[in-house]
Amino acid sequence: MIPLSSPTSVLLAGGGSAGHVSPLLALADALRRRHPDVRVTALGTREGLEARLVPERGYDLRFVPKVPLPRRPSPDLLRLPARLKAAIDAADAAIEETGAEVVVGFGGYVSTPAYLAARRRHVPIVVHEQNTTAGLANRLGARWAHAVATTFASTSLPRAQRIGMPLRREVATLDRAALRGEALEHFGLDRRWPTVLVTGGSLGARRLNEAFRARVAELSSRGVQVLHVTGLGKEFDVPPPGSGAPYAVVPYADRMELAYAAADLVVARAGANTVCELTAVGLPAVYVPLPVGNGEQRLNAAEVVAAGGGLLVDDAAFTPEWIDAELVPLATDPDRLARMAAAARALGEPAADETLADLVDRAAADRNRT
């Protein structure tokens, strides 16, 4: 940590999805740890996850109207200037009322008006881009930013530095070996067997759920125990393991760090936050990118896969037969898993929250010197 002058107030703009809200909250926590008296305010929309998650974490939340950019000519395009002005005015009011010395944007609907308002007020901007391909808001904000940080080295933004993804401290500081016994007991698992963690995020992943559900008995009989986080409402019953390895099904894991501590191998989608958490804690993974959009999830996993810390499997190719032929041999090969774990950890950035907080401190110090 670099000692710098303390900002008195910081405004964090981001929301809509967990991909924006999670790093925002990680930075907020880092700022509060190092500057207990700093005023941290979040800027979000009433429709996004931030409306619930930010107040739950104890931070003040100000709202701006959601202003989606129409993708084709429509009446909404004619209303865009008035809607954008209302959002900029709301962001401007939040900067004025909180006395923000720095505005930090994480992309999405909220960040564009925050960047425009900050530029108008000559408040320094710090940008953090979570994905390999920068969104429109962060491409705009980066033009005026005091500092630009990215999660991935391949992200193209002017003057950007790769710092990784700001993560929850429970994950960033996880000692998997020290917590393993507690984690296995928590989920009803057994030290004798290698553990595969299956997770499709809070909503689950249908492809993963169906493939593994079809192989419960086979995995147990072949000595691979599974912790399967299905998503709320998507859990299923499994038979008792008998003499084989356990298969534990849970709808969600409210302490994901315990799930990581129990695991030897992970099967997951390739959201940016997931990829960064797994590299930070040094877990090898089979990444099955969500087959929608412009292939963002495939790009998220590209670096760790190229380094040998993970495998990439197309959604359509992830079948019960793939589990038999590829996953079981991998899960029961401790030497290969150890090599993959080391490669994954070499790319991890568990201190990204503190590095981003350094950039905020520098921006505040430079502003106060002018």
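## Exercises on two parallel sheets and their cores

In strand S3, leucine 61 is the bridge partner of alanine 42. The model is predicted, with local features requiring pLDDT of at least 70 and side-chain atom pairs counted only at pLDDT 80 or more, while totals for chains, interfaces and linings use all residues. Residues are numbered from 1 along each chain as its sequence is written, and side-chain values use heavy atoms, with hydrogens and water left out.

**Exercise 1.** Trace the path of the chain from S1 through S2 to S3.

*Solution.* Begin with S1 and S2, which run parallel and are joined by five bridges; strands here are DSSP runs (E, at least two residues) and helices are runs of H or I with at least four residues, both numbered from the N terminus. Within this pairing, leucine 11 has threonine 41 of S2 as its bridge partner. Together with helix H1 (residues 18-34), S1 and S2 make a right-handed β-α-β unit, where right-handed means that, with the strands pointing away from the viewer, the path from the first strand over the helix to the second runs clockwise. From S2 the chain then passes through helix H2 (residues 50-56) to S3, again in a right-handed β-α-β crossover, and S2 and S3 pair in the parallel sense over four bridges.

**Exercise 2.** Determine which strands stand at the edges of the seven-stranded sheet.

*Solution.* Write down the order first: the open, parallel sheet reads S3-S2-S1-S4-S5-S6-S7, two strands being paired if DSSP finds at least two bridges between them. Strand S3 (60-63) and strand S7 (160-162) each have a single partner strand, so one side of each is left without a neighbour in the sheet. By contrast with these edges, consider S2 (residues 39-44): five of its six residues are buried (under 20% relative accessible area, 1.4 Å probe, protein chains only), so S2 is largely enclosed by the rest of the structure.

**Exercise 3.** Locate tyrosine 287 in the sheet and in the nonpolar core.

*Solution.* In the sheet, tyrosine 287 stands opposite leucine 312 in S13, and strand S12 (residues 285-287) pairs with S13 in the parallel sense over three bridges. In the largest nonpolar core (buried Ala, Val, Leu, Ile, Met, Phe, Trp, Tyr and Cys residues joined through side-chain atoms within 4.5 Å), which has 39 residues, Tyr287 is among those with the most contacts inside it. A second, separate core of 28 residues includes Val38, Val54, Val102 and Ala149.

Terms used
Buried means under 20% relative accessible area, exposed over 50%, partly exposed in between (1.4 Å probe, protein chains only).
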